[in-house]
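These are comments on the coordinates shown below, set out as numbered points. They cover the pocket, the sheet and the chain as a whole.

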Amino acid sequence: ARADRGYRWNGELHLAEFKTRTRAMAYSSDVIELSVQRLVIEKSTGERVSEIGYVLAQDLSGKRRSVNKVRLLPRVDVIALARRREAILKGRVVPRYTSSQGLCIHCAYRPECKPELHDRG
C-alpha cells in the first residue's frame, strides 16, 4: 500500500489518490485502496489518518479534473475483505461475479475469468 499523497490538517493525515479515467468519479475499489493505505500508515507510523479520503480524477485528455470526497472503510471491513480475498485465492470460497457490465469490460482479469460464461444475475 503506497499512498499517492497525504496532507496534514487539524492533526490528521488526509489521503488523496490520483486517477486518470474516462468518468470523473470515485469507485469502491478507490475506497478500498485508500482504506488499506490508512491502516498501513497508522500501523507503521502511529499517525492518525482521517476516515475521509479524496479521489482526484482527471479525464484522459488532462483537461478536466474533479475531487471526490469518500468515507474510508472501518478497520474490520478492510480485514474482512483481505480475508475473503485470501480465501478465494486458496479456493475455500467461490467468488461472486459483478453485476456491473462496465467493470467486467475493463477488467485486466477478464480473459482468465470469462464472465460471459457465468450467470451474473
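1. The largest contribution to the lining of the largest pocket comes from helix H2 (75-89), which gives seven residues. The model is a predicted one, and the pocket should be read with that in mind. Four helices each supply at least two lining residues: H1, H2, H3 (101-105) and H4 (110-113).

2. The space in this largest pocket comes to about 1900 Å³. It is lined by 32 residues, and the closest to its centre are Ser29, Thr98, Leu103, Cys107 and Tyr109. Sorted by class, the lining has 17 nonpolar residues, seven polar ones and eight charged ones.

3. Which elements make up the chain, and in what order? There are four helices and four strands, and from the N terminus they run β-β-α-β-β-α-α-α.

4. The four strands form an open sheet of mixed pairing, in the order E1-E2-E3-E4. Strand E1 (5-9) and strand E4 (65-71) are the edge strands, each pairing on one side only. From one strand to the next, the twist averages 25°. Helix H1 (28-45) packs on this sheet and touches E2 (12-20), E3 and E4. The direction of H1 makes about 145° with that of E2.

5. Do E1 and E2 run parallel or antiparallel? They run antiparallel and are joined by five bridges. One pair in this register is Gly6 with Leu15, the latter being the bridge partner in E2. The two strands form a hairpin with two residues between them, and Asn10 in this hairpin takes a positive phi near 55°.

6. E2 and E3 are also joined by five bridges, but here the strands run parallel. Phe18 has Leu56 of E3 as its bridge partner. How much of E2 is buried? Seven of the nine residues in E2 are buried, so the strand is mostly covered, where buried means under 20% relative accessible area.

7. E3 (52-58) pairs with E4 over seven bridges in the antiparallel sense. Leu56 is bridged to Val67 of E4, and Leu56 is also the partner of Phe18. The hairpin of E3 and E4 has six residues between the strands. Gly62, in the turn, has a positive phi of about 85°.

8. Is Ser100 buried, partly exposed or exposed? This residue is found in the loop between H2 and H3. Ser100 counts as partly exposed because its relative accessible area of 28% falls between the cut-offs of 20% and 50%. From Ser100 to Leu34 there are 66 residues in sequence and 22 Å in space, C-alpha to C-alpha.

9. For the chain as a whole, the C-alpha atoms fill a box of roughly 50 × 40 × 20 Å along the principal axes. The chain has 121 residues, of which 25% are buried. Among contacts with a separation of 6 or more, 44% join residues 24 or more positions apart.

How values were computed
Residues numbered from 1 in each chain as written. Predicted model: local features only at pLDDT ≥ 70, side-chain atom pairs only at ≥ 80, totals over all residues. Heavy atoms only, no water. Pairing = 2+ DSSP bridges. Axes fitted to C-alpha atoms, helices over the stretch in contact; angles between N-to-C directions. Contact = heavy atoms within 4.5 Å. 1 Å grid on protein atoms, 1.4 Å probe; cavity = no way out; pocket = protein on both sides within 12 Å on 5 of 7 lines; lining within 4 Å. Points joined across faces, edges and corners; volume = space filled by probe spheres on them. Nonpolar A, V, L, I, M, F, W, Y, C, P; charged D, E, K, R; others polar. Buried < 20%, exposed > 50% of the residue type's maximum accessible area, 1.4 Å probe, protein only.
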